[in-house]
Each structure stands twice: as C-alpha cells, then as structure tokens.
Amino acid sequence: YKFKNKELGLGIKFLERNFFCEIKEHGNEGCGFISERFLEGLLGGNMDAERTIAIQVRIFIPGMGIFKGMLMRKRSISDSDAPIQLPPSMRKVGPSLHQDRLESEAVLLITQAGVHQNQT
C-alpha cells in the first residue's frame, strides 16, 4: 500500500545536517535507514506514520552530496546517533566543491511512503 501525499506528511522537509550520517554497505544497496521515532515524527505521528516501514527519498546536503533511494525503518538506531543513515550506493552526486555553500541544512524530499502488505 502506498500513501497519497494528503494522507501522510509527504513532501519537502528542511532538516539539520547533523541528522544524517554515512554508513558502510552491508547488503543494503540503495537503501538507508531511519530511526522509528524520527520517521514517525516526520510523517506526523499518527496511525499511518506508525504503520509506515519505508519512504522513498531524495536528499540534498551540500557538504555530503545528493542522495536517492529508500529509507527503511530501523529500531536499533540510538537517540545519540544520527537518525538517518545513508550508504554509498544512495549517493548520486558528490559534495559541493564550493566551501561557502557547505551549510548546516539539508533538504529531504519524501516522494512515497508505504506499509508492509500484512499491515494494510
């Protein structure tokens, strides 16, 4: 099941750069992770947000690059870690070469969200 934009908090989100970190690839090609609590907060904290297991995203972070792919819900991300983890396979464009543009902000575009087929 895929939610429509009006059902869930899909769209553009402006976040701090420190909400993102890069991780090593461990068989999760094209797929990063997002903490459960952070995902539910991004999507509005309602029942649909709690049922969501993955979001399709485009991420623009001048100091890191441009990323594209899926973020899967992950329970084991601690509160002291960055809530969004990005593997190398999600990076499509490298970081900005303009040092004056390495802002501390990031843009997260959520294009789709979905739940496991057993939860529909």
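Cys31 has its bridge partner in E5, namely Met70. That's a handy way into this predicted model, since the strand carrying Cys31 has plenty going on around it.

**Strand E3 and its neighbours**

E3 covers residues 31-35, and five of the five are buried, so the strand is largely enclosed by the rest of the structure. Cys31, Phe33 and Ser35 point one way from E3, while Gly32 and Ile34 point the other way. In a regular strand, side chains alternate between the two faces of the sheet. Whichever way they point here, the E3 residues are all buried.

What does E3 pair with, and in which sense? The pairings look like this:

| Pair | Sense | Bridges |
|---|---|---|
| E3 and E5 | parallel | five |
| E3 and E6 | antiparallel | two |

On the E6 side, Ile84 stands opposite Ile34. Phe33 has a charged visitor too: Lys74 lies over the face of its ring, 4.5 Å from the ring centre. As for rings meeting rings, the structure holds one aromatic pair.

**The overall layout**

Zooming out, the chain has two helices and eight strands. Reading from the N terminus, the order is β-β-β-α-α-β-β-β-β-β. The chain has 120 residues, and 38% of them are buried. Take the contacts between residues at least 6 apart in sequence: 77% of these join residues at least 24 apart. The accessible surface comes to about 7100 Å², with 51% of that belonging to carbon and sulfur atoms.

**Inside the core**

Which residues have the most contacts inside the largest nonpolar core? Those are Phe20, Ile55, Ile59, Leu71 and Leu86, in a core of 23 residues. The elements giving two or more residues to this core are helix H1 (36-42) and strands E4 (52-61), E5 (65-74), E6 (84-86) and E8 (105-115).

Leu71 is worth a click in your viewer. Leaving out residues up to four places away in sequence, Leu71 touches a long list, including Gly32, Phe33 and Ile34, then Ile53, Ala54, Ile55, Val57 and Ile59, as well as Ile84, Gln85, Leu86 and Met90.

**A look at Ile61**

Is Ile61, in strand E4, buried or exposed? Ile61 counts as buried because its relative accessible area is 1%, and the cut-off for buried is under 20%. With the same sequence neighbours of up to four places left out, Ile61 touches Arg17, Phe20, Phe67, Leu86 and Ala106. Arg17 sits 44 residues away from Ile61 in sequence, yet their C-alpha atoms are 7.0 Å apart in space.

Terms used:
Residues numbered from 1 in each chain as written. Predicted model: local features only at pLDDT ≥ 70, side-chain atom pairs only at ≥ 80, totals over all residues. Heavy atoms only, no water. Helix = DSSP H or I, 4+ residues; strand = E, 2+ residues; numbered from the N terminus. Buried < 20%, exposed > 50% of the residue type's maximum accessible area, 1.4 Å probe, protein only. Contact = heavy atoms within 4.5 Å. Areas by Shrake-Rupley, 256 points an atom, 1.4 Å probe, with all protein chains shown as cover. Core = buried A, V, L, I, M, F, W, Y, C linked by side-chain atoms within 4.5 Å. Phe/Tyr/Trp six-rings, centres within 6.5 Å; stacked < 30°, edge-to-face > 60°. Lys NZ or Arg CZ within 6 Å of the ring centre and 35° of its normal. Pairing = 2+ DSSP bridges.
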